[in-house]
Amino acid sequence: KQWYQRRVAITAGGFFFFGPGALDIKDLWFMLVIERPGSLLDTSLFKIHVTKEGHGPSGLLLETRDRCNNEKWAFEDYRNAKVEAAKKLVEGDMLAYKAAKGSSKLLQELMEKYGLNVKHNIKL
């Protein structure tokens with residue numbers, strides 16, 4: 001029942017249920033399409049992860065945020081990987097973008113720490 005109530009609340013805000021994330025099937029993704037006319041990408045996706053606290057994907061997301069806020073090298077590394085990966089988004093390839101972000105040393109370190117790797121393919 002709780003899951004249903006959360007899903008209704010999120011979708012009432014305009015999000016749609018996308019499916020499980022690429023790193024763990026218990027990391028559920030909801031997406032919102034944001035129109036940005038005139039920008040490099042005319043549309044963007046805003047993603048919400050719904051997963052249990054302390055679960056691998058949530059730990060990775062929270063620690064990425066915290067380390068980027070507190071460690072200059074982590075911020076630079078992750079930013080550089082995202083900027084380079086964004087070129088894939090311009091080409092319209094979300095999966096290549098996600099894979100290219102994985103070149104970040106910070107993400108590689110955290111994926112190992114939280115025991116995560118790409119377990120299944122997602123299609124957009």
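This passage describes helix packing and salt bridges in a predicted model.

Helix H2 spans residues 56–70, and helix H3 spans residues 72–90. The axes of H2 and H3 come within 5 Å and cross at roughly 115°. The crossing of these two helices is left-handed. On the H2 side, the residues in contact are Thr 64, Arg 67, Cys 68 and Asn 70, and they meet Lys 72, Trp 73, Ala 74, Phe 75 and Tyr 78 of H3. Sorted by class, this contact between H2 and H3 holds five nonpolar, two polar and two charged residues.

Helix H2 also contains Ser 58. Ser 58 has a relative accessible area of 10% and is therefore buried, the cut-off for buried residues being under 20%. When neighbours within four places in sequence are set aside, the contacts of Ser 58 are with Thr 51, Lys 52 and Glu 53.

Helix H3 packs in addition against helix H5, which covers residues 105–113. The axes of H3 and H5 are 7 Å apart, and the packing angle is about 105°. The two helices are therefore roughly perpendicular to each other, as angles from 65 to 115 degrees fall in that class. From H3, the contact involves Trp 73, Ala 74, Asp 77 and Tyr 78, while H5 contributes Lys 105, Leu 106, Leu 107 and Glu 109. By class, the contact of H3 with H5 comprises five nonpolar and three charged residues, with no polar ones. Trp 73, Ala 74 and Tyr 78 of H3 are thus listed both in the contact with H2 and in the contact with H5.

The salt bridges were examined next. The model has seven salt bridges. One of them joins the side chains of Glu 63 and Lys 113, with an N to O distance of 2.8 Å. Glu 63 belongs to helix H2 and Lys 113 to helix H5, so this pair ties together parts that lie 50 residues apart in sequence. The two partners fall into separate accessibility classes: Glu 63 counts as buried, at 16% relative accessibility, whereas Lys 113 counts as exposed, at 54%.

A salt bridge is also formed between the side chains of Glu 71 and Arg 67, at 3.2 Å from N to O. Glu 71 has a relative accessible area of 27% and is partly exposed. Arg 67, by contrast, counts as buried, with a relative accessibility of 12%. Arg 67 is also among the H2 residues that meet H3. Both of these salt-bridge pairs belong to a network in which Glu 63, Arg 67, Glu 71, Glu 109 and Lys 113 are linked by salt bridges. Within this network, Glu 109 is a residue of H5 that also takes part in the contact with H3.

A further salt bridge is found within helix H3, between Glu 76 and Arg 79. The closest N and O atoms of this pair are 2.5 Å apart. Glu 76 and Arg 79 are three residues apart, about one turn of the helix. Both residues are partly exposed, with a relative accessible area of 25% for Glu 76 and a relative accessibility of 37% for Arg 79.

Notes:
Residues are numbered from 1 along each chain as its sequence is written. This is a predicted model: local features need pLDDT of at least 70, side-chain atom pairs count only at pLDDT 80 or more; totals for chains, interfaces and linings use all residues. Side-chain values use heavy atoms; hydrogens and water are left out. Axes are lines fitted to C-alpha atoms, for helices over the stretch in contact, and angles run from 0 to 180 degrees between N-to-C directions. Helices (H or I, at least four residues) and strands (E, at least two) are DSSP runs, numbered from the N terminus. A crossing is left-handed if the near helix is turned anticlockwise from the far one by less than a right angle, and right-handed if clockwise. Contact means heavy atoms within 4.5 Å. Ala, Val, Leu, Ile, Met, Phe, Trp, Tyr, Cys and Pro count as nonpolar, Asp, Glu, Lys and Arg as charged, and the others, Gly among them, as polar. Buried means under 20% relative accessible area, exposed over 50%, partly exposed in between (1.4 Å probe, protein chains only). Angles under 35 degrees count as roughly parallel, over 145 as roughly antiparallel, 65 to 115 as roughly perpendicular and the rest as oblique. A salt bridge is a side-chain nitrogen of Lys or Arg within 4 Å of a carboxyl oxygen of Asp or Glu.
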